[in-house]
Amino acid sequence: MKLKVYADRMSQPARAVIIFCKLNGIDYEEVRVDISKLQHLTPEYSEINPMKQLPAIVDGRFKLFESHAILIYLACSYPGIPDHWYPADVCKRSEIHSVLDWHHSNLRRGPGIIYQNIISMPVIGRRFNPEAVAEGEKFLSASLSKIESFWLKDKGQFLLGGNKPSIADLSLVCDIMQLEVLDEADRDRLLGPYKKVEQWIENTRSAANPHFDEVHKILLKVKEKRQNLRLKGANNEGGGSAMKKPLLSRI
């Protein structure tokens, strides 16, 4: 039976799994679970993932959730996966695990909080929380500083000094890409101080293209929709001056 990947491309970890499958020629069926319609909370999906989060996979009779675990499983289970994604060397493999473990309780919190309060909350009719956004920015800044000063301290193009990406690079970069829905001024303000991080993002994008850009197109669509809605709102108010200010600066 063909591998099934249950995903919504608005989910950062779901994008990482999809890109990995595409890059490595893994034959899979992408099963859309629409987060905006709360399809991840249905009884049907809970049979796939009792935690009711994305992504999840079904490979024959085997079910698995949590993106890091899925990436490790795919790298180990499918033939022909290049070693750089999840090296056979136990020391290098353990270093990747350390990045992935750090990811969930650090970097993951920043972009997630910012996105939830600026994008998700208005969709369901709730105002964003400026205190929460400030907290999200704090987590993001601390995480980017740590990536820049520690994970990217060596001369390689990728985390841990490598010259080819690992599953850790793909997983972390997909999280940071969530910031692409913001205005350019806000994105540049948040990422601009971290030149090594910005270069690492571009290195990972280049190594994972054309699939990286294709899978992330959904973020550009969300950004365009936001801009159109704001423009419409400004025009309805009789002027477009509000469009000149980035969103976060008006919180």
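In this predicted model, helix α3 (residues 67-77) lies across three strands: β1, β3 (56-59) and β4. Its direction runs at about 135° to β4.

These strands belong to an open sheet of 4 strands. The order is β2-β1-β3-β4, and the pairing is mixed. Strands β2 (28-32) and β4 (62-65) form the edges, each pairing on one side only. On average, neighbouring strands are turned by 20° against each other, direction ignored.

Strand β1 (residues 3-7) runs parallel to β2, and 5 bridges join the two. One pairing can be named: Leu3 has Tyr28 in β2 as its bridge partner. Helix α1 (residues 12-23) also packs on the sheet, where it touches β1 and β2. Its direction makes about 150° with that of β1.

The two helix placements are set out below.

| Helix | Strands contacted | Angle |
|---|---|---|
| α1 (residues 12-23) | β1 and β2 | about 150° with β1 |
| α3 (residues 67-77) | β1, β3 and β4 | about 135° to β4 |

Now the nonpolar interior. The largest nonpolar core has 61 residues. Phe20, Ile147 and Trp200 have the most contacts inside this core. Domain 1 (3-81) and domain 2 (84-211) both contribute residues, so the core lies between them. A second core is separate from it and has 8 residues, among them Val33, Tyr45, Ile48 and Ala56.

What does Ile147 touch, leaving aside residues up to four places away in sequence? Its contacts are Trp102, Leu107, Leu152, Leu159, Leu172, Val197 and Trp200. Of these, Trp200 is itself listed with Ile147 among the residues with the most contacts inside the largest core.

Conventions: Residues numbered from 1 in each chain as written. Predicted model: local features only at pLDDT ≥ 70, side-chain atom pairs only at ≥ 80, totals over all residues. Heavy atoms only, no water. Core = buried A, V, L, I, M, F, W, Y, C linked by side-chain atoms within 4.5 Å. Buried < 20%, exposed > 50% of the residue type's maximum accessible area, 1.4 Å probe, protein only. Domains from an automatic or database assignment. Contact = heavy atoms within 4.5 Å. Pairing = 2+ DSSP bridges. Axes fitted to C-alpha atoms, helices over the stretch in contact; angles between N-to-C directions.
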